[in-house]
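The exercises below are meant to be worked with the sequence and the coordinates open side by side. Try each task before reading its solution.

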Amino acid sequence: MSIPVLLIDDDRQLLHATAQTLELAGFDVTPFGAATDALTRIDRTFAGVVVSDIRMPGMDGLQLFERIRGLDPEVPVILVTGHGDIPTAVKAIQDGVYDFITKPFPAERLIQCVHRAAEKRGLVLENRRLREAARQAEDDFPLIGQTPVMDRLRQTLRQIADTDVDVLVTGETGSGKEVVARLLHGWSRRSKGHFVALNCGALPEQVIESELFGHEPGAFTGAQKKRIGRIEHSSGGTLFLDELESMPLSTQVQLLRVLEMREVTPLGTNEVRPVDIRIVAAAKVDLADPAQRATFREDLYYRLNVISLSIPPLRERREDIPLLFSYFAERAARRFQRETPLLSAGVLRHLADHDWPGNVRELSHFAERTVLGLAPTPLAPAVPVLDTSGTLPERLERLEAEIIRDTLSAHGGDVQETIAALGIPRKTFYDKLQRHGIVRRAFSGKADGENP
């Protein structure tokens, strides 16, 4: 879709020529001879860029900028100025104008400036959309997602939550299996009971039976006190068994009887105690596949597999990754008392390119590192989008100008630091500023004694 550009200039000939230049570059240009007419097209959903002359009858470019700032301070405004307006334009940039271009200007300069401004506006709107979607999805965390597979998963969970049916959940590490179990519990009438979780792969065989079924004093060496097992403790609520494929074979036999009879016999006693349980089991492997099931009992699998849910890995629902990142970043910012970072082009590129083997858990940790300013090097800013028209020397000229502007911006307009970073002599630096029409003061909020 073409990027909308609102172009304002009272000079009809210049308005027509500039509009034609931008249209040939692929922009969707709407020309206006008066600033007041353009204001009717701008609101917080405006997805484009405003390019305006400064000196105009009635409402001038600076007054237009002030009005736009009242509607949405993040709409990028580019001012076109004469040489006599440069001090005014510099002050406007300090007030929030995106950039200014001095007349006469090469077409490529305007095109590149509009490209960069449009990219920034796109990121602003994307951040807003993601934050709003993350807030609306708060109740579904972290099953946040707008892909069809996540919509179906949430719908299925709500349909079965208020039943007592046992559920088998499969998914890779970090994909959110426990979250599914907690949602099933929280959305059901069992939510007033306990949600009890046990990782079957984290306990040795001699301990897991006691944890699950409980024991009486003296049942085994070291059993000095009575212990209520996880199964009995979850009666009236939900028992979540994670990494079910790791459960010892002997324990599987006992669990099968619990599922069939809905009763438990603690170690060290013959007393049979009825339990009102619902089991949500999770596995990292496909227990339906005999090769992956290995020593896991087939009858227990079929007993648990009344309803089977599969959580897709992040790499299979990439459209949801920016939304999840936005949610995690806001949560981390509150936790660490930091500002929520904007979703930059570099972050978006990393989110799109990385495979996320750790799934939601890995993404959450990445968001925390980003909030703390510990993001890895792949998040470096992207190379600006350049016009590929013209000869090689012309393209190199445009690239050189972009590098100088970016370096000045990175160093706040400081000449010494910029020259050191570019590695060029001072005279060469000033020659290039003059050749490219770059005004150094535009990149600094205070003068430092250097001439532009």
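**Exercise 1.** In which helix is E108 found?

Solution. E108 is found in helix 5, which spans residues 107-136; helices here are DSSP runs of H or I with at least four residues, strands are runs of E with at least two, and both are numbered from the N terminus. The model is a predicted one, in which local features need pLDDT of at least 70 and side-chain atom pairs count only at pLDDT 80 or more, while totals for chains, interfaces and linings use all residues. Residues are numbered from 1 along each chain as its sequence is written, and side-chain values use heavy atoms, with hydrogens and water left out. As a next step, take the accessibility: E108 has 26% relative accessibility and therefore counts as partly exposed, the class between buried (under 20% relative accessible area) and exposed (over 50%), computed with a 1.4 Å probe and protein chains only. Finally, the C-alpha atoms of E108 and L22 are separated by 9.6 Å, although the two residues are 86 apart along the chain.

**Exercise 2.** Determine why the protein is described as more spread out than a compact globule.

Solution. Begin with the inventory, which is 18 helices and 12 strands. The radius of gyration is 31 Å, well over the 22 Å that the globule rule gives for 452 residues, so the protein is more spread out than a compact globule; the radius is taken over C-alpha atoms, and the rule is 2.2 Å times the number of residues to the power 0.38. Then consider the box along the principal axes, which the C-alpha atoms fill at roughly 100 × 45 × 40 Å. Of the 452 residues, 46% count as buried.

**Exercise 3.** Establish which residues of helix 18 are buried and how they are arranged around the axis.

Solution. Within helix 18 (residues 426-436), the buried residues are F429, Y430, K432, L433 and H436. They cover an arc of only 160° around the axis, which puts them on the same side of helix 18, where the arc is that of the directions from the helix axis to the C-beta atoms. The face turned away from this buried side carries the exposed residues K427 and Q434. After helix 18 comes G437, with a positive phi near 70°.

**Exercise 4.** Identify the elements against which the buried residues of helix 8 pack.

Solution. First list the buried residues of helix 8 (residues 205-213), namely I208, E209, S210, E211, L212 and F213. Their packing partners, by contact (heavy atoms within 4.5 Å), are strand 7 (195-199), helix 9 (230-233), strand 8 (238-242), helix 10 (249-261) and strand 9 (263-264). Just after helix 8, G214 takes a positive phi of about 80°.

**Exercise 5.** Examine the backbone at P104, R262 and A294, and place each residue in its loop.

Solution. Most residues other than glycine have a negative phi, and most peptide bonds are trans. The peptide bond from K103 to P104 is cis, with omega near -10°, and P104 sits in the loop between strand 5 (99-102) and helix 5. Phi of R262 is positive, near 55°; R262 lies in the loop between helix 10 and strand 9 and is partly exposed, with a relative accessible area of 23%. A294, likewise not a glycine, has a positive phi of about 55°; its place is in the loop between helix 11 (290-293) and helix 12 (298-304), and at 59% relative accessibility A294 counts as exposed.
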